[in-house]
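Let's take a walk through this fold, starting with the overall build and then heading inside. Keep the 3D view open as you read.

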Amino acid sequence: MTAETHTEKKLAILISGSGTNLQAFIDRMQTNSLGAEIAVVISNRPEVKGLQRAADAGIATETIDHTGFASRELFDEQLIECINRYQCDAVVLAGFMRILTPQFVNHFHGRLFNIHPSLLPKYPGLHTHQRAIDNRDKEAGATVHFVVPELDAGPAIIQASVPIEPGDNAELLAQRVLQKEHIIYPQAVQWFCEDRLQLTNDNVLLDNRALPKTGFLLAE
Ligand code: GRF
């Protein structure tokens, strides 16, 4: 045995659906390049594909169905209890389609991550790809950010862009963006797990240096 202390972080990954981003984390964990253990995958919807992906990888799963709760607050309290029961250091929202209460967001301040399929601050909210096409943008992309109570407004950590091609529709563009999501999301969380990433006030520090407001830009 060495004197080195083992400090691998534990993640909770929250999903609502297909879980291709979750799969990117699983793949990275299985090649020991994530620097973290996925302790639990939690879905607010029963029987989604992401839960099967987790089970296939031998990861604990929990379903907390939001329709069974009288209020958002009670649902979020149950989520917090579950995440804490697995002693998670960070929470990764991966296609989790519920707005979280300030109480939840503040509880996990500085260790709660989201990925949004646009080049924030452009297009917070839904239908990002269609809005980019309708506006005749030349590029689209995705942003990993720390979560704050205001929707899709948290400090950015990393962005990746893709070209919008002639004849694109929202689905084609979403597929192109997803490929980048699967690279940048595990990368951002890995930085956190390696103690290289910090949120201080409104600044995101990577290796103790402030990142630009749009985050680190992934090279093509
Ligand atoms: C992704 O586009 C992500 O940016 C958004 O929800 C989608 C989730 O996809 N937040 P998946 O479930 O990871 O495949």
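The protein chain has six helices and eleven strands, where helices (H or I, at least four residues) and strands (E, at least two) are DSSP runs numbered from the N terminus. What you're looking at is a predicted model, so local features need pLDDT of at least 70, side-chain atom pairs count only at pLDDT 80 or more, and totals for chains, interfaces and linings use all residues. Residues are numbered from 1 along each chain as its sequence is written, and side-chain values use heavy atoms, with hydrogens and water left out.

How much of the chain is tucked away? Of its 220 residues, 48% count as buried, meaning under 20% relative accessible area with a 1.4 Å probe, protein chains only. Contacts (heavy atoms within 4.5 Å) reach far along the sequence: among those with a separation of 6 or more, 64% join residues 24 or more positions apart.

Now for the inside. The largest nonpolar core, a set of buried Ala, Val, Leu, Ile, Met, Phe, Trp, Tyr and Cys residues joined through side-chain atoms within 4.5 Å, has 67 residues, and L14, F104, I157 and Y185 touch the most other members. Helix α6 (residues 170-193) is the top contributor, giving nine residues. Because domain 1 (1-108) and domain 2 (115-220) both supply residues, this core lies between them; the domain bounds come from an automatic or database assignment.

Zoom in on L14: setting aside neighbours within four places in sequence, L14 contacts I42, L79, I83, V91, V92, L93, A94, F96 and F104.

Terms used: Buried means under 20% relative accessible area, exposed over 50%, partly exposed in between (1.4 Å probe, protein chains only).
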